[in-house]
Amino acid sequence: MEIIMSVAIGFLFMAAVYLMLSKSLIRIIIGSGLLSHGAHLLLLTMGGLGGNSPPVVAEGVSVSDYADPLPQALILTAIVISFAVTSFFLVLAYRSYQELGTDNMDLLRGTEDYE
Amino acid sequence: MSNLLLFPIIIPFFFAIILMIFPKRLKLQRILAAAAAGVTVVSALFLLAKVDADGVQAVTLGSWPAPFGISMVSDPLSALLVVTSSLITLFVIFYSFPTIGVKREQSYYYPAVLFLMVGVNGAFTTGDIFNLFVFVEVLLMASYTLIVHGGEKPQLRESIKYLLVNIISSALFVAAVAFLYSVTGTLNMADLAVKIPQIEETGILTVIAVMFLVVFGFKAAIFPLYFWLPGSYYSPPIPILALFGALLTKVGVYAIMRTYTLFFTMNISFTHELLGIIAILTILAGCVGALAYFDVKKIIIYNIIIAVGVILFGIAQLNQPGVDGSIYYLLHDMLIKAALFFLVGIVAVLFGTTDLRKMGGLIKTYPVLGWTYLVAAFGLAGIPPLSGFPGKLLIVQGGFEGPQFWGSIVILATSLIVLLSAVRIFIYAFWGEPVETVPLKKSVFNQMFIPTVILVAITVVFGVGAELFMPFISGAGEVLLNPSIYIDAVLKE
């Protein structure tokens with residue numbers, strides 16, 4: 001199961017890099033979303049998968065019976081943060097499209113000295 | 001156990017929330033923002049006194065025993081940094097009154113500054129690597145708001161790149177934390193410092209250490225990863241630039257300092273040598289930029305990159321003078337960068353441009369400003385007895401005692417370039433034929449100039465009275481070099 005997850009994570013990272021290297025701003029945002037998904041899945045997988053019991057210490061339940069709950073708490077925090085950042089990014093992209101009139105990263109190049 | 005170390009995080013947080021309720025009440029916003037920063041400075045000073053008297057302070061949230069709950073730890077280094085960063089935020093708030101503009105002030109400028117303070121103080125205080133990620137995100141979110149605040153065209157254009165770079169580095173941060181957790185099974189820094197030496201497979205840990213170097217390097221702007229900094233920092237107005245230049249990169253530097261002294265010490269001959277080489281390359285790259293531009297903001301921005309290199313070189317030596325020097329230089333650099341940005345901000349306002357070639361002759365009309373700038377510039381370059389000198393001296397000494405003596409030679413040589421780049425501003429802006437300046441009311445000038453002079457005076461005191469501050473600095477260095485002090489304070493609570 002961990003192997004499948006690793007392949008999936010790798011694919012997500014690959015897709016994210018591909019999208020982020022394109023010129024359109026909206027593709028870049030989707031790419032950044034995929035990148036954080038990949039990182040979150042990695043976090044989940046690194047805690048080890050498997051185990052059916054709830055993570056409560058009780059009689060007859062050993063450590064191997066439940067999945068590590070800590071990565072799940074971490075991933076929740078990370079998801080919330082990346083949600084906030086992505087929504088900020090979308091608003092920023094829309095606003096800069098209105099102001100600058102383009103979403104092409106090639107045209108957003110340029111230094112400050114000449115507008 | 002004392003909750004004192006949480007106050008510098010909680011106070012600005014509460015004030016920021018209160019300030020968000022009435023964004024249009026200008027006077028109240030200013031008073032409360034200044035009060036928040038002032039109270040934070042006071043509480044940070046109390047914290048520093050407490051840490052100095054009673055040793056490392058640690059609180060584990062929710063009273064869970066240490067490796068399980070989230071630890072907040074205040075050792076001398078983090079207390080010193082919290083004091084310095086709170087002080088700088090206070091000055092930035094004062095400097096913002098005349099410079100940032102009423103429109104920005106009325107659209108949540110002060111709450112964003114205070115949230116940035118929450119994130120910075122939190123990142124300096126936390127004792128948990130995932131909690132560090134959370135606080136870094138808090139300060140990044142505030143910095144996204146500030147960098148785009150006002151919505152001018154260059155700001156929008158540059159904040160897209162800033163945002164994207166930081167999203168990538170955050171994703172890598174999560175990935176690095178995941179790897180670290182899977183190898184060690186803990187995220188508490190003190191616990192990591194106990195567990196990592198027990199692991200015999202140092203290869204995978206070295207990979208993780210380098211991943212963390214990349215992650216923090218994005219924030220600290222080290223050699224190959226600094227490309228985003230000059231453009232992004234150039235676009236926001238001067239007070240925000242001063243805040244970013246003084247605080248944001250320093251969080252990355254602090255994180256490298258902490259992780260590379262506390263627990264990534266299993267393969268020093270590789271990781272720390274790499275850090276040393278990268279530090280020297282960072283200095284050289286910064287020097288090229290500092291000499292290449294005729295723009296006052298750009299010159300000081302590239303000096304940020306140079307300072308990051310100098311600080312990290314001291315840490316890479318991992319001996320007592322090197323580490324002490326790094327801590328001293330870090331505090332000096334935070335203060336002096338804020339002061340310099342304030343000064344070039346005044347110069348830029350007076351001439352209505354940031355291009356050096358269109359400036360000249362300011363010494364005749366504003367002599368005090370000129371001499372204050374000269375003092376700050378000499379402080380930046382490290383001319384004794386100003387504040388850049390003791391730190392650099394110790395770092396160079398550390399380099400000569402360590403394996404990378406050639407790095408010390410580079411630092412000594414580049415000091416001259418730093419001096420040249422800073423004095424070039426003096427020569428172009430203050431000497432030469434007087435150029436017509438923008439008329440500025442005396443009261444507005446004073447409002448900008450007084451916080452600046454006080455900040456420069458603080459740096460002078462910090463340099464001249466180095467002997468006075470050395471006990472704090474060497475106390476901080478001692479904790480960095482002997483992780484057992486840190487570990488005992490956290491785990492034996």
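Trainee: How many residues does the contact take from chain A and from chain B?

Mentor: This is a predicted model, so read every value as computed from it. The contact takes 27 residues from chain A and 26 residues from chain B.

Trainee: Which elements give two or more residues to the side of chain A that touches chain B?

Mentor: They are helix 2 (25–46) and helix 3 (69–100) of chain A. Helix 3 of chain A gives the largest share of that side, 14 residues.

Trainee: How do the residues of that side divide by class?

Mentor: On the side of chain A that touches chain B, 17 are nonpolar, 6 polar and 4 charged.

Trainee: Let us turn to helix packing. At what angle do the axes of helix 3 and helix 19 of chain B cross?

Mentor: Roughly 165°. The stretches are residues 76–99 of helix 3 and residues 442–464 of helix 19, and their axes come within 8 Å. That angle makes helix 3 of chain B roughly antiparallel to helix 19 of chain B. The cut-off for that label is an angle over 145 degrees. The crossing of these two helices is left-handed.

Trainee: Which residues make the contact of helix 3 with helix 19 of chain B?

Mentor: Helix 3 of chain B brings B:Phe91, B:Phe94, B:Tyr95, B:Phe97, B:Pro98 and B:Thr99. From helix 19 of chain B come B:Val444, B:Gln447, B:Met448, B:Pro451 and B:Leu455. By class, this contact has 9 nonpolar, 2 polar and no charged residues.

Trainee: What is the angle between helix 3 and helix 11 of chain B?

Mentor: About 165°, with the axes 8 Å apart. Helix 3 and helix 11 of chain B are therefore roughly antiparallel to each other. Helix 3 of chain B passes helix 11 of chain B in a left-handed crossing.

Trainee: Which residues of helix 3 and helix 11 of chain B meet?

Mentor: Helix 3 of chain B offers B:Leu81, B:Ser85, B:Ile88, B:Thr89, B:Val92, B:Tyr95, B:Ser96 and B:Thr99. Their partners in helix 11 of chain B are B:Ile238, B:Pro239, B:Ala242, B:Leu243, B:Ala246, B:Leu247 and B:Tyr254. The residues of this contact divide into 11 nonpolar, 4 polar and no charged. B:Tyr95 and B:Thr99 appear in the contact with helix 19 of chain B and in the contact with helix 11 of chain B.

Trainee: Now a length check. What should the 19 residues of helix 9 of chain B span?

Mentor: At 1.5 Å a residue, helix 9 (residues 202–220) of chain B should span 27 Å. Its end C-alpha atoms are 26 Å apart, which agrees.

Trainee: Which residues of helix 9 of chain B are buried?

Mentor: Among them are B:Leu205, B:Ile208, B:Phe212, B:Phe216 and B:Lys219. What covers the buried residues of helix 9 includes helix 7 (153–184), helix 11 (238–262), helix 12 (268–292) and helix 13 (296–317) of chain B.

Trainee: Where does B:Ser169 lie, and what does it contact?

Mentor: B:Ser169 is in helix 7 of chain B. Leaving aside neighbours within four places in sequence, B:Ser169 contacts B:Val215, B:Phe218 and B:Lys219. Those three partners are listed among the buried residues of helix 9 of chain B.

Trainee: Are B:Ser169 and B:Lys161 buried or partly exposed?

Mentor: Count C-beta neighbours; the cut-off for buried is 20 or more within 10 Å. B:Ser169 has 20, so B:Ser169 is buried. B:Lys161, with 17, is partly exposed. B:Lys161 is found in helix 7 of chain B. Not counting residues up to four places away in sequence, B:Lys161 touches B:Trp228, B:Gly231 and B:Ser232.

Trainee: On to the backbone. What sign does phi usually have, and what form do most peptide bonds take?

Mentor: Most residues other than glycine have a negative phi, and most peptide bonds are trans. Now the exceptions. Phi of B:Tyr108 is positive, near 65°. B:Tyr108 lies in the loop between helix 4 (102–105) and helix 5 (109–125) of chain B. With 18 other C-beta atoms within 10 Å, B:Tyr108 is partly exposed.

Trainee: Where does B:Leu318 lie, and what is its phi?

Mentor: B:Leu318 lies in the loop between helix 13 and helix 14 (320–351) of chain B. Its phi is positive, near 55°. B:Leu318 counts as partly exposed, with 19 C-beta neighbours inside 10 Å.

Trainee: What follows helix 9 of chain B?

Mentor: B:Ala221, whose phi is positive, near 65°.

Trainee: Which residues does a cis peptide bond join?

Mentor: B:Pro384 and B:Pro385, with omega about 5°. B:Pro385 is found in the loop between helix 16 (367–381) and helix 17 (388–401) of chain B.

Technical notes: Residues numbered from 1 in each chain as written. Chains lettered and ligands numbered in written order. Predicted model: local features only at pLDDT ≥ 70, side-chain atom pairs only at ≥ 80, totals over all residues. Contact = placed C-beta atoms within 7 Å. Helix = DSSP H or I, 4+ residues; strand = E, 2+ residues; numbered from the N terminus. Nonpolar A, V, L, I, M, F, W, Y, C, P; charged D, E, K, R; others polar. Axes fitted to C-alpha atoms, helices over the stretch in contact; angles between N-to-C directions. Parallel < 35°, antiparallel > 145°, perpendicular 65-115°, else oblique. Left-handed = near helix turned anticlockwise from the far one by under 90°. Expected span 1.5 Å × (residues − 1). Buried ≥ 20, exposed ≤ 12 C-beta atoms within 10 Å, placed from the backbone.
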